[in-house]
Each structure stands twice: as structure tokens, then as C-alpha cells.
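Welcome to a short set of worked exercises. Take a look at the molecule below, then try each task before you read its solution.

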Number of protein chains: 2
Amino acid sequence: MINELEKIKDSVLLQDIKVEELSSMLGCLRGVIKHYKKGEEVLSEGAEIKKFGLLTEGKLQIVQYDYLGNKSILSIIEPKQIFAEAYAYVNKLPSMNVEALVDSTVLFLDSDKLSSPCQNCCSFHKQLVKNLLFIISNKNVNLTEKIECMAKRTTKEKLLTFLSLESIKQNSKEIYIQYDRQGLADYLGVERSAMSAELSKLKNEGILEYNKNWFKLLQK
Amino acid sequence: MINELEKIKDSVLLQDIKVEELSSMLGCLRGVIKHYKKGEEVLSEGAEIKKFGLLTEGKLQIVQYDYLGNKSILSIIEPKQIFAEAYAYVNKLPSMNVEALVDSTVLFLDSDKLSSPCQNCCSFHKQLVKNLLFIISNKNVNLTEKIECMAKRTTKEKLLTFLSLESIKQNSKEIYIQYDRQGLADYLGVERSAMSAELSKLKNEGILEYNKNWFKLLQK
DNA sequence: TATAATCCGTTGTTTTTCCAACATACTTTT
DNA sequence: AAAAGTATGTTGGAAAAACAACGGATTATA
């Protein structure tokens, strides 16, 4: 257990919580460690969620099946990230599955205990709640930004919306993006090749310069 | 002040908090009441947010301007709803404005105070945090669902994804939707008339029946 | 009840995207 | 350095969406 804590002590969820407090926290939040083999199911669609997960080791993917049975990958969970927290707090049955991409270890924490500090109002509770609110709010802002991009009608507008948002975040007209072309196309909800063609057009029109992950927005 | 509390005492944020505790809560969370005339700006883009709002009376709209200056309405805030909470917790400058659609009254609450209970660990803090986590998590789930719809490539698929999700939520093949056609088109990010045409097709193909706000998914 | 305003479906045209197939450049492996 | 694999850009035809314009139905208003 101590070993697991070592791996996640500098996660966002546990930010600014003293190492000494971590093990008492585990008891308070009914921490449970579980191991999964590659390919195993960590959480399944429709199963009630009372605890949320903090990945200590490995890699998970959150997948969803639509009304036709088509599979789509919602996100990849890396170590130190939490998952399923939204469903733990809305008391709604999840519509997605979580699968282990490689052998993985997850620390499950009781969502109820986290938001209802114990009698003695342990000092770390305050910080935990703050961190959790930050994480969920942040996801919220990110989802809203994605929607802002996707809501545009043309690929060109989607691209420019995405790039201007990045430009603001990186505080520069020159930006580096985290996605490859396929990843960016998936993020924007468009076809990769069509997007590439659109990028070329923007370059020809003198609106944009780019090379691999580097982009530069030219002023009009 | 007492008068304002009366109007919001059964809001989701204040759910399961005793009326007697409300006024002490106000002090603890540095509650501030502000009035706005129709058309006035409640929050403006780029202004640091330390408090989030709870609308006690009136109607607000959250608007955003894209890189071309086009205005889009992100959401309408009705009484008892909170707003700007995500930005209050991520310490990020908001990229949207909040405007009063009619004369409105807002109760601002200190986001820091809410997540950091005072020494005596007032009982209502626990419940407030729980309620806030519920609200934000819920928004999260809703945004994810919207993205699930918008990510589909065709209007037909967007419609069917939306309707299946509603069908699950309403636990029936017969559903009532909250949007009019223009509202649904905006939600899905498509053109109203094209969407109408697509609905007609689905009806002809025997996949769907509908009339105004009533829809029925027919089994294949 | 007449009138205006709004909502919704239809149609035809233009624009954009999707899709498949392929070419080129870059990376990794052997 | 050759070979294989991967990522990106290009093209052309088919499909879909956007757009504009209009007509009928419903609702709100005078």
C-alpha cells in the first residue's frame, strides 16, 4: 500500500497534502487497491459506482458503445489520473466501460467519504475537496472548449477555433499541439484526410503556417 | 436578504440544508447580493472570478464571441441555477460573458470559502460541497453526452444518438424532448432545415414517428 | 376574428465533407 | 542502409450538409 502511495503522491488529486497524512486518508476514504490484467474490465456499463478510481500504474481506456454497437474511445487514463468521478457523484449509471490496456493497478476511493468529512474534520479533507473540484471543473472547461470547436459548421472553422483557443492558452501566435493529425481529426469530429486538405488550403491562403506539431497563426 | 433566501431555498445547491442554517451560511460564504438591469453585464470575459453566482430572480444568458466576433449563446440561466462555478474553481480567466436578459438579482458566494470549511466545520458545509459536486458532475455528464451526439458524422446519426440517449433516460421508446426544432439543431450543431429533412426521411424509413415534441423510436 | 409572428417542413442549388485510393515523407527496426 | 511501418498530404467522385427561399400550420397579439 505504501508502495502505491509513493507512485501517486504528486497527483493532482493529492496535491498539497502531506505525505504523512496520506495513509490516514486511505483509511478514512476506504481506499481499496485492485489489480487488473491487460484486457480486463475495470468498470462496466450500467454498474453502480460508489467509488471513483485513481490509476497508480498501467494504462486504461474509457470506451463507449453507441446504439449501433460501434465502439469509440472516449479517453485514455494515464497514471495519477482519476476516472469515473463524475458518475460517482451524480448517482447515475455510467454509459461507458473502462478497460485495462496493460496490466494496471487502481486505487478506489469512496466518493461519499470524500465529500463528507469525518467528525474531526481532518485537515486533508479540505484540500482533497478543493483538488477534486479543480479536476472536475477543469474537465468541464475542457469539454466546453471542445464543444465550441465541434459546433462550428465547417472543418476550416473548427480548425481555426481550435487554434485560436490554443493560441490564447499558450499566449502566442506560435503554438505546439499535443495531437497528431488523426488525433486532431478525432478531437474535432472530422475526417483526417479532409482536415489535411483544409490545412493545406489555409496555408495557401496565408492564414496559417505549420509543420508537424508546430502552427503559426498569421494576422489578417 | 431574507427575502432572497426564500426564493432559492429549494435550489439544487441548497438542497437538504435547513432553512435556519441558510443565513449563517451566507456570512460564512461571504454572500453578496447584486442587482442588474436588463442588458447589463453580470460577468465579463477575462475578469478573474473568485465567486460564483446563484440567480435568485430574473434571467441571464451566457454568451461567447469566437475569433471572428460571432456571438453564440452557450446557455440560459434560470432562477435557482448557479453559474460560473467551473471558472471559479480552475482559476482560469473565463472566455465568456454573462448578460442579464431581464432585470435580475444574483447572490454571489465565495468559492474558496465553500470548499474550505471553517474551523467549527459547520454541518451545512458538508451538504453544500456534496450539492456542488453533484451539480458540476452533472454538467460534466451532460457535456459528454452532447459531445457523443455531435461527434457523429451525419445529421441522421446525431439525431438517433440523441434520441437513444433520451430513450434511455426516459426509460421508454416514446419520449418528449425539451427543445423545439431550432433548439435541437443548435444542440446537435446542425442546420435546422437540413435536420427537418432528415427527420422526415427517418419517418419514411419507418425508423421514427414524431409529432412536435413527441418522438417514438420504432424497433428495427 | 383578423393580423402578425413564429415554427416547421419542403425543395433546389451550392458548398463541404466523406471516402477510398494512392504518393510521399518520416521513423523504426533489422 | 534496406525494409517495413507509420504519418501526412493529395486527388477525384459520391454523399451529405449548408443555404436560401418559400408555403402551410400553429400560436400569439391587436
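How many residues of the surface near DNA strand C are nonpolar, how many polar and how many charged?

Before solving, some ground rules. This is a predicted model, in which local features need pLDDT of at least 70 and side-chain atom pairs count only at pLDDT 80 or more, while totals for chains, interfaces and linings use all residues. Residues are numbered from 1 along each chain as its sequence is written, chains are lettered from A and ligands numbered from 1 in the order in which they are written, and side-chain values use heavy atoms, with hydrogens and water left out.

**Exercise 1. Sort the surface near the DNA strand.**

Step 1: A residue is near a strand if one of its heavy atoms lies within 4 Å of it. Around DNA strand C there are 16 residues, and A:T155, B:R181, B:R192, B:S196 and B:S200 are the closest. On the DNA side, 71% of the atoms of strand C that come within 4 Å of the protein belong to sugar and phosphate.

Step 2: Now sort by type. Ala, Val, Leu, Ile, Met, Phe, Trp, Tyr, Cys and Pro count as nonpolar, Asp, Glu, Lys and Arg as charged, and the others, Gly among them, as polar. The result is two nonpolar, seven polar and seven charged residues.

**Exercise 2. Find polar contacts to DNA strand C, and the elements that line it.**

Step 1: Look for pairs of N or O atoms within 3.5 Å; within protein, one must be able to donate a hydrogen and the other to accept it, and residues adjacent in sequence count only if both atoms are side-chain atoms. A polar backbone atom of A:E191 is 3.0 Å from a phosphate oxygen of the strand. The side chain of A:K212 also has a polar atom 3.3 Å from a phosphate oxygen, whereas A:S193 places a polar side-chain atom 3.4 Å from a base nitrogen.

Step 2: Helices (H or I, at least four residues) and strands (E, at least two) are DSSP runs, numbered from the N terminus. Two or more residues each come from α8 (192–204) of chain A and from α7 (181–188) and α8 (192–204) of chain B. The largest share, four residues, is from α8(B).

**Exercise 3. Work out how the two chains are related.**

Step 1: Superpose the copies by least squares on the C-alpha atoms of residues with pLDDT of at least 70 in both. Chain A falls on chain B after a rotation of 180 degrees with 0.0 Å of shift along the axis, with an RMSD of 0.1 Å. The copies are thus related as by a two-fold rotation axis.

Step 2: Find the residue of chain A that comes closest to this axis. That is A:N140, with its C-alpha at 2.8 Å.

**Exercise 4. Explain why helix α7 of chain A is called largely enclosed.**

Step 1: Buried means under 20% relative accessible area, exposed over 50%, and partly exposed in between (1.4 Å probe, protein chains only). In α7(A), the buried residues are A:R181, A:G183, A:L184, A:A185, A:Y187 and A:L188.

Step 2: Six of the eight residues are buried, so the helix is largely enclosed by the rest of the structure.

Step 3: Ask what covers them, taking contact as heavy atoms within 4.5 Å. The cover includes α5 (123–150), α6 (155–169), α8, β10 (208–211) and β11 (214–217) of chain A.
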